[in-house]
Amino acid sequence: MEKKVLVIDDEQPTLNMFRLLLAAYGYDTLTAVNGAEGVEAFERERPGIVLTDIKMPVMDGIEVLRRIKDIDPHAEVIVITGHGDMDLAIRALNLDATDFINKPVQRQALSEALSRAEERIAIAKSQTEEFPVEETDQAAVLRIQGGVTARSEARLERAMARARELGKPFIVLSFAENASINGAGLSLLTQLLQDARERGERMCIQGLSENFRKVFEMVGISRLVAPCREPLEL
């Protein structure tokens, strides 16, 4: 059975490009030339993944995102932004987008975004633990995989408590390649790191994607925690 992806963009050449690329990746590609048609196609077909441009006539990508999330809060919505347009990317994350890629769309960036989306879908279906805690000689390692959202709060707090119980000199937040953090998730991480700072705990992060590294800088999380000096392998 082919996997379905819906692509929403007002430029026909862009839709044609996506059809070719996504067919090569084994997807059944649905397309819509504006946001209103895209929402209708989503409600009718219910694809697991949606790629939507942000700046479109009739209905922009922010409104598309809002309406799709109203229909299915678990849909993987990847927004396509202009190069360097981080303000729009963060606005989309605040509305529960799960990822973003920049125009002009690069094949590798698209492939990686789709791979992350598929992994998050698999984690949700398998009910895999999203925040496992492991240890090394010097650190408790809290692994973050799948999505960090408002629904993650209790699980993230329990994982942090387990990390503290190990009594290691450092606590490491280790982000998997498939990790996605929406606006509520960014607020959760900010609060977690502020609490750790007040407790005098030593923390660092590793594995963060380039996209979310930029987001962390924009929202101020980078001022609360630094990258680990050396990647920790378990």
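K69 sits in helix α3. This is a predicted model, so please hear every value I give as computed from predicted coordinates. Is K69 buried or exposed? K69 counts as buried, because its relative accessibility is 9%, and the cut-off for buried is under 20%. Leaving out residues up to four places away in sequence, K69 touches H74, A75, V77, L95, D96 and T98.

One of those contacts, V77, takes us to strand β4, which covers residues 76-81. How many of the residues of β4 are buried? Six of its six are, and the strand is described as mostly covered. The side chains go two ways: E76, I78 and I80 point to one side of β4, while V77, V79 and T81 point to the other. Residues on both sides are buried.

Now the neighbours of β4. Strand β3, residues 49-53, runs parallel to β4, and five bridges join the two. Within that pairing, I49 stands opposite E76. Helix α3, residues 61-71, belongs to the same story: β3, α3 and β4 make up a β-α-β unit, and the unit is right-handed. K69, where I started, is in that helix.

Strand β4 also pairs with β5, residues 99-102, in the parallel sense, over four bridges. Here T81 of β4 stands opposite N102 of β5.

Going back to β3, there is a pairing with β1 as well, parallel and over four bridges. I8 has T52 as its bridge partner in β3. I8 also has a bridge partner in β2, namely A32. The pairing of β1, residues 3-8, with β2, residues 27-32, is parallel and uses six bridges. Between β1 and β2 the chain passes through helix α1, residues 12-24, and that β-α-β crossover is right-handed.

Next, two single residues. P104 is placed in the loop between β5 and α5. Is P104 buried or exposed? It counts as exposed, because its relative accessibility is 62% and the cut-off for exposed is over 50%. In sequence, P104 and T14 are 90 residues apart, yet their C-alpha atoms are 9.6 Å apart in space.

N211 lies in helix α8, residues 210-219. N211 has a relative accessibility of 16% and therefore counts as buried. Which residues does N211 contact, once neighbours within four places in sequence are set aside? They are M86, D99 and F100. D99 and F100 fall in the residue range of β5, which is 99-102.

On to the other sheet I want to show. This one is open and has five strands, in the order β6-β7-β9-β11-β12, with mixed pairing. Its edge strands are β6, residues 133-135, and β12, each of which pairs on one side only. At the β12 end, two bridges join β11 to β12, and the two strands run parallel. C204 has A226 as its bridge partner in β12.

That brings us to empty space. A probe the size of a water molecule, rolled over the atoms, shows where such space is left.

The second largest pocket has a volume of about 360 Å³. It is lined by 19 residues, and the closest to its centre are F170, M203, C204, C228 and R229. C204 is the residue I just paired with A226. Where does the lining come from? At least two residues each are supplied by β9 (170-175), α7 (183-199), β11 (203-206) and β12 (226-227). Helix α7 gives the largest share, three residues. By class, the lining has 13 nonpolar residues, two polar and four charged.

Last, the cavities. How many cavities of 30 Å³ or more does the structure hold? There is one. The largest cavity holds about 30 Å³ of space. Its lining is F175, A176, E177, A179, G207, L208, S209 and F212. Five of these lining residues are nonpolar, two polar and one charged. F212 lies in the residue range of α8, 210-219, the helix that also holds N211.

To recap the picture: β4 pairs with β3 over five bridges and with β5 over four, and its six residues are buried. In the five-strand sheet, β6 and β12 are the edges, and β12 is among the elements that supply the lining of the second largest pocket.

Definitions and conventions: Residues numbered from 1 in each chain as written. Predicted model: local features only at pLDDT ≥ 70, side-chain atom pairs only at ≥ 80, totals over all residues. Heavy atoms only, no water. Buried < 20%, exposed > 50% of the residue type's maximum accessible area, 1.4 Å probe, protein only. Pairing = 2+ DSSP bridges. Right-handed = clockwise from strand over helix to strand, strands pointing away. 1 Å grid on protein atoms, 1.4 Å probe; cavity = no way out; pocket = protein on both sides within 12 Å on 5 of 7 lines; lining within 4 Å. Points joined across faces, edges and corners; volume = space filled by probe spheres on them. Nonpolar A, V, L, I, M, F, W, Y, C, P; charged D, E, K, R; others polar. Contact = heavy atoms within 4.5 Å.
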